[in-house]
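Open the model in your viewer and set it to a cartoon view. The stops below say what to select and what is found there.

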Protein chains: 2
Amino acid sequence: MTVLATPAQLAAARAARAAYRAGESVPTSGVATGLTQANLIAVPADWAFETLLYTQRNQKACPVIDVIEQGAVESALAPGSDIRTDIGSYRIWRDGVLAEETTDARAAWAEHPDLVAFLIGCSFTFETGLVEAGIPIRHQELGRNVPMYRTNIDCTPAGRLRGEMVVSMRPIPARQVADAVQITGRTPAVHGAPVHIGDPASLGIVDLSTPDFGDAPEVRDGEVPVFWACGVTPQAAIMASRPPFAVTHSPGYMFITDVPDAEYIV
Amino acid sequence: MTVLATPAQLAAARAARAAYRAGESVPTSGVATGLTQANLIAVPADWAFETLLYTQRNQKACPVIDVIEQGAVESALAPGSDIRTDIGSYRIWRDGVLAEETTDARAAWAEHPDLVAFLIGCSFTFETGLVEAGIPIRHQELGRNVPMYRTNIDCTPAGRLRGEMVVSMRPIPARQVADAVQITGRTPAVHGAPVHIGDPASLGIVDLSTPDFGDAPEVRDGEVPVFWACGVTPQAAIMASRPPFAVTHSPGYMFITDVPDAEYIV
């Protein structure tokens, strides 16, 4: 499919990227509605093949939608963009440890000019379809970041990379859970259908109220916790595998593309 | 989804791989019905990242379903298999030129022990679904290989790799074309919906009766030529990009996996 964004959507995406470039830093759920958002992981060239292989072997969590090669900084999904500045918050990783959060990653690219950047589909992409179907997105309603959890699901290793799957959670009214499965299942390139529904314990999640990333959820009576594979999964791989250097987005602070969500509907 | 093959299916797949290992060489459309078949491209390690990037950028034609790393010969999709022997016919490429066709690629792996092998989804996978829907598969009926064509659609380059998209063609009765689109659209990991329907000339195909790969088709009155992206596309990239060495399957002679087609249904 080749779906074109509307002028209003493109203006919203460009304004958001410009604001983040100027230093604004907010979670992006609900921003530039209808356009695809992306997770970032950038690694030195020496780790690029293994990273791409890791995403191929764990496509549900790590669906790659663009690769920005060594020496380049513009994504094909957002003409005029600069991956070093156009995300609201970056994480700089050294030897698998979070060393810094920053709104500007130009120093990181200057330190490692051979970084290869991978953009990975984000579940914020399918939230528009959920909202249109009358399914409430609690973290949007509350103005919070989506809650994300590390799980006991091991990803398939690739070379030096290993780690567990990270999931995002949305509480869904029980009568709408099947709709949520079908709507999100149509977009396999942005995590697709949920990986788990209704039993946090079997994912190894002890306490829903203390997510590993993002903000605490509010699960109301009659709602079921529904878990989708999450593009923060590469950050768990960084922690477990300890590459010497890496740059990621901060969870919930995504890269906004110019590509309509509909492009990824099967 | 995790779908298990039946014992009968697994026996058929293992028997087919054993026969090819022993030297049998036949097109595989219709073999081990219900199990996924795969295209092969293997390149020296120095070309592996660019090849994986090329497949990521051209997923419709090159959906990777497994990567066999340097030093390994067994696919995770077929325990006990040996990628050097278990395909009925291989092509050995030198500097972008077809140097040899052989039923045994062990000499190629001995010459280049650093080969990395990519298995790419094949449209034979969705033929079972078409047959079950009462849509005739002409090349199966005639005991021929599927016709494949080079097109004027350029793939997105990756590093040193470039080339045009190759398509497979099936003549479909006009009243069943929409069904064929919907059935194949459910399996985006094995080429998904057609890339083109009904007008060979707009793909740059001058004469349907002389395919670039496979056997001539037989298009009957009331049938429309329907074109799907084809996993022979990497072979067009080899011809255009001239890597020093590569191994592929011969078009139509696929690698048979133990994975049910249903695993790839969205």
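**A bridge between two strands**

Start by selecting A:D154 and A:E164: A:E164, in β7(A), is the bridge partner of A:D154. Keep in mind throughout that this is a predicted model.

Now widen the selection to β6(A) and to β7 of chain A, residues 164–173. These two strands pair in the antiparallel sense over 4 bridges. Strands of a sheet pair through backbone hydrogen bonds, either parallel or antiparallel.

**The sheet around the bridge**

Add β9 and β8 of chain A to see an open sheet of 4 strands, in the order β6-β7-β9-β8, with antiparallel pairing. Which strands are at the edges? They are β6 (148–154) and β8 (196–197) of chain A, each of which pairs on one side only.

**Two helices on the sheet**

Next select α6 of chain A, residues 177–185. Helix α6 lies across β7, β8 and β9 (223–229) of chain A, and runs at about 15 degrees to β9(A).

Then select α7 of chain A, residues 233–241. Helix α7 packs on the sheet as well, where it touches β6, β7 and β9 of chain A. The direction of α7 makes about 145 degrees with that of β7(A).

**The whole of chain A**

Zoom out to show chain A, which has 7 helices and 11 strands. Its C-alpha atoms fill a box of roughly 50 × 45 × 30 Å along the principal axes. A compact globule of 266 residues would have a radius of gyration near 18 Å, and the 17 Å of chain A agrees with that. Of these 266 residues, 52% count as buried. Among contacts in chain A between residues at least 6 apart in sequence, 79% join residues at least 24 apart.

**Where the chains meet**

Show chain B too. How many residues of chain A are in contact with chain B? There are 11, and they meet 11 residues of chain B. Select α2 (48–57) and β2 (64–68) of chain A: each supplies at least two residues of the side that touches chain B. The largest share, 5 residues, comes from α2(A). By type, this side of chain A has 8 nonpolar residues, 3 polar and no charged.

**The axis**

Finally, view both chains together. A turn of 180 degrees, with a shift of 0.0 Å along the axis, lays chain A on chain B with an RMSD of 0.0 Å. The two copies are therefore related as by a two-fold rotation axis. Select A:F49 to find the C-alpha of chain A nearest this axis, 2.5 Å from it. The same surface serves both copies, as 100% of the contact residues of chain A recur in chain B.

Note on methods:
Residues numbered from 1 in each chain as written. Chains lettered and ligands numbered in written order. Predicted model: local features only at pLDDT ≥ 70, side-chain atom pairs only at ≥ 80, totals over all residues. Least-squares fit on C-alpha atoms with pLDDT ≥ 70 in both. Contact = placed C-beta atoms within 7 Å. Nonpolar A, V, L, I, M, F, W, Y, C, P; charged D, E, K, R; others polar. Rg over C-alpha atoms; globule rule 2.2 N^0.38 Å. Buried ≥ 20, exposed ≤ 12 C-beta atoms within 10 Å, placed from the backbone. Pairing = 2+ DSSP bridges. Axes fitted to C-alpha atoms, helices over the stretch in contact; angles between N-to-C directions.
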